[in-house]
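Visitor: I should like to take a close look at a single part of this model, namely a sheet and what lies around it. Please describe it in one connected account.

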Amino acid sequence: MVFTAFSGSHQDAISKGMKYREENQLDIWDVPYIPIDPVDIGRNYQTDVIRINSQSGKGGVGYLLETNYGIKLPYKMNEELGYAIKDISDKTNRELTTQEIYDAFISLYVNFHPHFDIVDYQFNQGEQPEVNLTILKDNQQIKTHSVGSGSLDAVNQAIKKTLGATYTLEVYEQNSLGKNSKAQACAQIGIASQGKMYWGSGIDQDIVKATLQALVTAVNRLENF
């Protein structure tokens, strides 16, 4: 436990220190709150430094997701997930494992579609991208069509038109979860409605599928459904 940081402020400082070392390829060990390199005495960063309980913050949660799974979240989304993880730890009165944090992220932001889902889509690229979309809602398939400034905007307009949802798409980010051509992509989408942000993620080898997953979850999380 000598290296362990549960405090959110400590975790944030450690995370920034580790990132600075990597980006600047430093040989000398100089990380906040960790006087020596744990590796030098047979320990490791993933299990011995950043550990999560109800005292922890967004920095620690984001660090573990990025270090172990390659998932990079937008700042505000990371903050929201951090509060959700703290709540889970507080209610269970125990420390959460990295796997439990990942599972919670998947449950809250990837596989969350209680109201609707997209079951099929076809794009037609012309002067304006258009999409033929099949939406599953209330056990019924709804076919719809829309155009947009791009493929994502076309799907976004189709969802709004079909479901009557009111929001604006504010954030779209994506990153690869590996370095080879078969690596999965992770997409993050944030939408705004009535002054509040709603987030969704998608993970797939196909970046288009990952993006649509993220959009579907974000819209499913709207409070006015």
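Visitor: Which residue in S2 does asparagine 124 stand opposite?

Guide: Asparagine 124 stands opposite glutamate 130 in S2. Before the surroundings are described, the basis should be stated. The model is predicted, so local features need pLDDT of at least 70 and side-chain atom pairs count only at pLDDT 80 or more, while totals for chains, interfaces and linings use all residues. Residues are numbered from 1 along each chain as its sequence is written, and side-chain values use heavy atoms, with hydrogens and water left out. Helices (H or I, at least four residues) and strands (E, at least two) are DSSP runs, numbered from the N terminus. Two strands pair if DSSP finds at least two bridges between them.

The pair of asparagine 124 and glutamate 130 belongs to a ladder in which 8 bridges join S1 to strand S2 (residues 130-137), the two running antiparallel. These strands are part of an open sheet of 3 strands, in the order S1-S2-S3, with antiparallel pairing. Strand S1 (116-124) and strand S3 (140-147) stand at the edges, each with a single partner strand, so one side of each is left without a neighbour in the sheet. On average, neighbouring strands of this sheet are turned by 20° against each other, direction ignored. Helix H6 (residues 151-163) packs on the sheet and touches S1, S2 and S3, where contact means heavy atoms within 4.5 Å. The direction of H6 makes about 130° with that of S3; axes are lines fitted to C-alpha atoms, for helices over the stretch in contact, and angles run from 0 to 180 degrees between N-to-C directions.

The loop between S2 and S3 holds asparagine 139. Most residues other than glycine have a negative phi. Asparagine 139, however, has a positive phi, near 65°. At 76% relative accessibility, asparagine 139 counts as exposed; the classes are buried, under 20% relative accessible area, exposed, over 50%, and partly exposed in between, with a 1.4 Å probe and protein chains only.

Two further sites show a positive phi. Tyrosine 33, in the loop between H1 and H2, has a phi near 70° and counts as exposed at 52% relative accessibility. Glutamine 194 takes a positive phi near 50° in the hairpin of S5 and S6, which has 2 residues between the strands. In that hairpin, 9 bridges join strand S5 (residues 185-193) to strand S6 (residues 196-204), and the strands run antiparallel.
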